[in-house]
Amino acid sequence: MASTELQGKYQKLAQEYSKLRAQNQVLKKGVVDEQANSAALKEQLKMKDQSLRKLQQEMDSLTFRNLQLAKRVELLQDELALSEPRGKKNKKSGDSSSQLSQEQKSVFDEDLQKKIEENERLHIQFFEADEQHKHVEAELRSRLAALETEAAQHQAVVDGLTRKYMETIEKLQNDKAKLEVKSQALEKEAKDCRLRTEECQLQLKNLHEDLSGRLEESLSIINEKVPFNDTKYSQYNALNVPPHNRRHQLKMRDIAGQALAFVQDLVTALLNFHTYTEQRIQIFPVDSAIDTISPLNQKFSQYLHENASYVRPLEEGMLHLFESITEDTVTVLETTVKLKTFSEHLTSYICFLRKILPYQLKSLEEECESSLCTSALRARNLELSQDMRKMVAVFEKLQTYVALLALPSTQPDGLLRTNYSSVLTNVGAALHGFHDVMKDISKHYSQKAAIEHELPTATQKLVTTNDCILSSVVALTSGAGKMASFFSNNADYFIASLSYGPRAGAASRFVSPPAAACMLQYKKRAAAYMRALRKPLPESVPYEEALADRQVLLSSTESRAGLAQQVPDVDSREDLIKNHYMARVVELTSQLQLADSKSVHFYAECRALSKRLALAEKSKETLTEEMKLASQNISRLQDELTTTKRSYEDQLSMMSDHLCSMNETLSKQREEIDTLKLAGKGNSKKNKSR
């Protein structure tokens, strides 16, 4: 036994260890993936930096090209200045040089304009590429930070799991050592048990020999001394008082007490279920406070309002059955007369369920026909319709078997004793079927309530009522499961206790309920007789003491007349007694009135204080929630303001720097253009003057 427990425990711990190890592998894989993603992002960031450096190099080359062009313009101007003296010597050569300078100027202007446009385009591309690079860099950096944080979290989880694994391994090793010690102790105990078993077998053999001798002696005495065997015929044997089994009666009373508690829980859940169902049809699909509900739901609500008159008797019938099982009675099916009353109350409740079932099904159909009903809600309603039919069928099946169990106490020929065990088994099966049906109802109704809560027209009243119905259904499911488990656990005891009755004979059973009643009367008489036999005899009075008592009696008789003369007359005595009690009654009445007034005052004051306390608690909770929301909004707005302010400052600084650089570039380019224009105008004037 110990090795089996040890193996089971090790298997369970090994399964848990393998499960934790698989989770550790998954977490390690996630950490590796995140590290790979982080490396990829770092590589992308490196490539972006390379592209940025490449663009900067291109910008530097363009700047160098602009400088070369500026130097070329200066050289051209110098050449133009050198060509002016030559123009004075030869007019013809001057005209040709003027034409040449005009052509050069036009070519230079076109080349300069192209370079300016290309420079502007490159500046724009560089600015856009710079902005895009900064945006991508910021995104990659934020993502890299998030991935690093997540990787740190995963690493922390991995470290925690590793510690947990080590603790589990250490615990398993300690358990293994403890179990080994326990196994050794159990082996030693098993050896001791084997030795004691051998001793017991030897004692049993001796007892068997002794009892065999006694049995032969008793049989010889019975054959010689007993003239009539009343256990031979069932009619006579049924009147015999069975041996009193106090343990059996206490066990039956304890079982009946547990069954009473389960029935009380079941009755409470059924009352809540019917009552909240009545409230639900008053508010959905049509709210009775706004519009009139359908005649079908009105009738259904009227019937549901009567549920207490059918459900409460179940608890009362079970209570009477529990009270009928006492320590002094003999509890078998033939003597449990109150089971018939409980069966009748259960039959009445089944009639109530049959009466409301058509209205319940039609009410669900009416919900399906409503415009608010979706396809999913319609499917849940159809499932609930099937579940309600199953619940009524299960109750009918249970009532049939309970009625069969009640027959031996009223009609002994209605149920054979050989069928008791099969009926009890079917009762357990019916209770398990009731539990299964309630689980389906709980599942389907929870889905239905979840769908209805998502409807745009769902009110708080409907949500509250659905929650109440769901809690009552859950209580019904729990009660049905407990009752089914309770009956299954005690089914063997019920079947075994059926043989409890009169002493063994040709037919060891109660023939009829009247015979059982007679047997109980005989049992009471036998118990009274045994108590009378145990009662000790009163001690006799000694002779001297009796003489002294006689003298006292005579003297008291002589003084009786004198005492009668000393009493006041009857009328005055009655008046005194009456006045005394009237005064006492008046005093007690005034005290009672004063106590009532004080209690009313204290009750009103306590009620007002409780209301004020409830209002204060509600306002406190409301203000607390508002303060939390306000603090959250303030912190969120502060963070947003700080972030926005920083971003705006960064953008403004970048824009100002960029504008400054652009202004400087444009001013330089304008100066160069003005210089070229002035040089061109001077050359044109010189050419004209020439």
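Here are a few worked exercises on the structure above.

This is a predicted model, where local features need pLDDT of at least 70, side-chain atom pairs count only at pLDDT 80 or more, and totals for chains, interfaces and linings use all residues. Residues are numbered from 1 along each chain as its sequence is written, and side-chain values use heavy atoms, with hydrogens and water left out.

**Exercise 1. Take stock of the chain.**

Step 1: Helices (H or I, at least four residues) and strands (E, at least two) are DSSP runs, numbered from the N terminus. On that basis the chain has 13 helices and zero strands.

Step 2: Next, burial. Buried means under 20% relative accessible area, exposed over 50%, and partly exposed in between (1.4 Å probe, protein chains only). Of the 690 residues, 27% count as buried.

Step 3: Now for contacts, meaning heavy atoms within 4.5 Å. Among those between residues at least 6 apart in sequence, 86% join residues at least 24 apart.

**Exercise 2. Find the largest nonpolar core and say which helix gives the largest share.**

Step 1: A nonpolar core is a set of buried Ala, Val, Leu, Ile, Met, Phe, Trp, Tyr and Cys residues joined through side-chain atoms within 4.5 Å. The largest one has 68 residues, and Tyr-349, Met-391, Phe-434 and Ile-441 have the most contacts inside it.

Step 2: Among the elements giving two or more residues to this core are helix 4 (246-281), helix 7 (338-369) and helix 8 (375-406). The largest share, 14 residues, comes from helix 4.

Step 3: Zoom in on Ile-441. Leaving aside neighbours within four places in sequence, Ile-441 touches Leu-384, Asp-387, Met-388, Met-391 and Val-473.

Step 4: Don't miss the second, separate core of eight residues, which includes Ile-283, Phe-284, Cys-373 and Leu-462.

**Exercise 3. Work out how helix 7 packs with helix 8, and then with helix 4.**

Step 1: Axes are lines fitted to C-alpha atoms, for helices over the stretch in contact, and angles run from 0 to 180 degrees between N-to-C directions. Helix 7 and helix 8 pack at about 165 degrees, with their axes 9 Å apart.

Step 2: Angles over 145 degrees count as roughly antiparallel, so helix 7 and helix 8 are roughly antiparallel to each other.

Step 3: Helix 4 and helix 7 pack at an angle of about 35 degrees, with their axes 13 Å apart. Residues making this contact include Phe-273 and His-274 of helix 4, along with Tyr-349 and Phe-352 of helix 7.

Conventions: Parallel < 35°, antiparallel > 145°, perpendicular 65-115°, else oblique.
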